[in-house]
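Trainee: I should like to understand how the terms used for a protein model are justified. May we go through them one at a time?

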Amino acid sequence: MEVKIGVQHTPREIVLETGQATEEVERLVSEALAGKAPLLSLTDEDGRRVLVPSEKLAYVEIGKPTVRRVGFTTI
């Protein structure tokens, strides 16, 4: 699933593909925004961890992964 994270005072968003369940990502974001966790911590599909300070979160968009087509297709 694709997750986009907006960080305050940063022009670019963080985009990552994660294998974590939607409910788990929502729970982690909710805990970070409620002040229960000082960091939002997510792991991407390659095993890299993304840590964002909770007070710097602007928005988090949770969506489906985009399907990348390879090769030729007929329209």
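Mentor: The following exchange concerns a predicted model.

Trainee: What makes up the secondary structure of the protein chain, and in which order do the elements run?

Mentor: The protein chain has one helix and five strands. From the N terminus on, the order is β-β-α-β-β-β.

Trainee: How do you know that the span of helix H1 is close to the expected one?

Mentor: H1 covers residues 22–33, which is twelve residues. The expected span is 1.5 Å times one less than that number of residues, and this comes to 16 Å. From the first C-alpha to the last, H1 reaches 16 Å, so the span is close to the expected value.

Trainee: Which residues of H1 are called buried, and why are they called so?

Mentor: They are Val25, Leu28, Val29 and Ala32. Each is called buried because its relative accessible area is under 20%.

Trainee: What puts these residues on the same side of H1?

Mentor: They cover an arc of only 95° around the axis, and therefore lie on the same side of H1. In general, an α-helix has 3.6 residues a turn, so residues three or four places apart point the same way.

Trainee: What covers the buried residues of H1?

Mentor: The cover includes strand E1 (2–7), strand E3 (39–43) and strand E5 (57–63).

Trainee: What phi does Gly35 take just after H1?

Mentor: Gly35 takes a positive phi of about 85°.

Trainee: How much of the protein chain is buried?

Mentor: Of the 75 residues in the protein chain, 29% are buried.

Technical notes:
Residues numbered from 1 in each chain as written. Predicted model: local features only at pLDDT ≥ 70, side-chain atom pairs only at ≥ 80, totals over all residues. Heavy atoms only, no water. Helix = DSSP H or I, 4+ residues; strand = E, 2+ residues; numbered from the N terminus. Buried < 20%, exposed > 50% of the residue type's maximum accessible area, 1.4 Å probe, protein only. Arc of directions from axis to C-beta. Contact = heavy atoms within 4.5 Å.
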